[in-house]
Amino acid sequence: MLLNRQRRRAVIAGAVTLATAALGIGLSTQFAGAQATTLRAAADAIGKDIGVAVDVNKLQNNAEYRNTVATEFNSLTAENAMKWDATEPQDGNYTFSQADTIVNFAEDNGQSVHGHTFVWHAQTPSWVQGLDATAMRTAMVDHINTVANRYEGRVDSWDVVNEVVSDNNGAMRDSFWLRTMGEGFITTAFQTARAADPNADLYINDYSIEGDNAKSDTIYRIAQGLKSQNILDGVGFQSHLILGQVPSTMEANLQRFVDLGLKVRITELDIRLNTPADANELAQQAEDYRRVTEICAELADCSGITVWGLRDNDSWVPGTFPGTGAALLFFEDYSKKPAYTAVLNALGGGGTGNPTTTPATSDPATTSPPPTGSGCTATLSVSSPWNTGATYSATVKANQNLNGWKVTWTWPGSERISNAWSVTGTLTGATVNGANESYNGTLAAGQSTTFGFNITKADGSTASVPTVTCTPA
Ligand code: XIL
């Protein structure tokens, strides 16, 4: 929470800087080389979350998955690990190892966590579903208290209830919650969550509510009631969209919730198409992603966007909507889709996000020269500066096979690292001594990996780009 608040504070200043540049008052050359080249740096610079739903097994076992999640996103959501069946499979028997893995990873990498979810009709064990009204209420209160208390101060926001409205003309969903406890189950859930973690933002989350329709009207009515009791902070729009079908009323619909004094958030974004995808479809998909991202970027009270999975093959879509897929921002080999570039650009970042076309690498003012002749080389580049800080991305390139690497440099001025990701070591002083994390130290000759960090600096000073010494570990 603290980290997240610090990040937010820093980036508000950054947004001002970018806005000034966007006015075109002679600063464009200075800032051209400093445009963000990762989703994370671009979102940081405008004070938004860019999140991804993560799978615990891949986070534990797949180094490239981990590295991409850490480099490209500033917010995480557990795709399944925080659901009731994962956290309390038997009554009172809590299992947090998977959820802990995700929260620990987020903390190690300076990322916030959007929690998902306390009360849902799916992925909830049968022992809950069979309880009578009194016992079900007790189970709900105990569950929310236990999970919220465990992650208090570490999970920034929660989907308190999920999918409580049906697809039938805005009627309430006929779930075991509604049948057993009546519509009051929603209020009970929010009251309990508010008391358990008063600092977390509490969201109601649903799908097919992106446009102005009967279902979003019902969410609006529920949200009004919860907001008047001060137990709701935001509305999550899942946004499992179909190619070419971003609702034309989406912006106005989100705005009406903002007008209630609520935050809005795109919580589970994916845009599916009939597979296999052709180039035209990928271009249309990029347009759709750009539109959704613009809507959030332009709404001050949109807290951010979470994409529901990393690569197309990580997505739940092909299994749930057979014949469709290709719904996310990365291809299976981690290369970036046109949709990635569209999101990067809509967040204010530059280029395609691919290193070969990154403007920063060709701008001597913002990129340190690589020393030659050693087992590895490392370069820093400023991906987004603001008055009192900056986000940097760093690339470590192996010139021989490596089992680990160390980097060191000394800041010439007041620059100091405030948080870093995908690098460990003694990082916060004038001299930085960094080393690989467990997952990004093994590189074959010719391979590269990246890490990143934010700095604080004297107000208005230039973010310098010291030369980095890289040595095999
Ligand atoms: C999905 C996950 O992606 C799948 O891995 C799982 O098998 C089922 O749930 N709405 C939600 C998410 O709120 O929790 C769902 O996630 C997708 C739809």
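**Exercises on aromatic rings and nonpolar cores**

In this predicted model, Arg272 lies over the face of Phe321, 3.6 Å from the ring centre.

**Exercise 1.** Determine which residue lies over the face of Phe331, and at what distance from the ring centre.

*Solution.* The residue is Lys337, placed at 5.8 Å from the ring centre of Phe331. A charge counts as sitting over a ring if NZ of Lys is within 6 Å of the ring centre and within 35 degrees of the ring normal.

**Exercise 2.** Classify the ring pair of Phe176 and Trp177 as stacked, tilted or edge-to-face.

*Solution.* A pair of aromatic rings is described by the distance of the centres and the angle of the planes. The model holds 18 aromatic pairs. For Phe176 and Trp177 the centres are 4.8 Å apart and the planes meet at 35°, so the pair is tilted. Both Phe176 and Trp177 are buried.

**Exercise 3.** Classify the pair of Trp409 and Trp411 in like manner, and place these residues in their cluster.

*Solution.* The centres of Trp409 and Trp411 are 5.8 Å apart, with 85° between the planes. Planes over 60 degrees apart count as edge-to-face, and this pair is therefore edge-to-face. Both Trp409 and Trp411 are buried. Ring pairs join them with Tyr392, Trp405, Phe451 and Phe453 in a cluster.

**Exercise 4.** State which residues have the most contacts inside the largest nonpolar core.

*Solution.* The core comprises 96 residues, and those with the most contacts inside it are Trp158, Trp177 and Phe190. Beyond its neighbours within four places in sequence, Phe190 is in contact with residues including Val160, Leu202, Tyr203 and Ile231. Another core, of 27 residues, lies apart from the largest one and has Trp411 and Val423 among its members.

Notes. Residues are numbered from 1 along each chain as its sequence is written. This is a predicted model: local features need pLDDT of at least 70, side-chain atom pairs count only at pLDDT 80 or more; totals for chains, interfaces and linings use all residues. Side-chain values use heavy atoms; hydrogens and water are left out. Rings of Phe, Tyr and Trp (its six-membered ring) pair if their centres lie within 6.5 Å; planes under 30 degrees apart count as stacked, over 60 as edge-to-face and the rest as tilted. Buried means under 20% relative accessible area, exposed over 50%, partly exposed in between (1.4 Å probe, protein chains only). A nonpolar core is a set of buried Ala, Val, Leu, Ile, Met, Phe, Trp, Tyr and Cys residues joined through side-chain atoms within 4.5 Å. Contact means heavy atoms within 4.5 Å.
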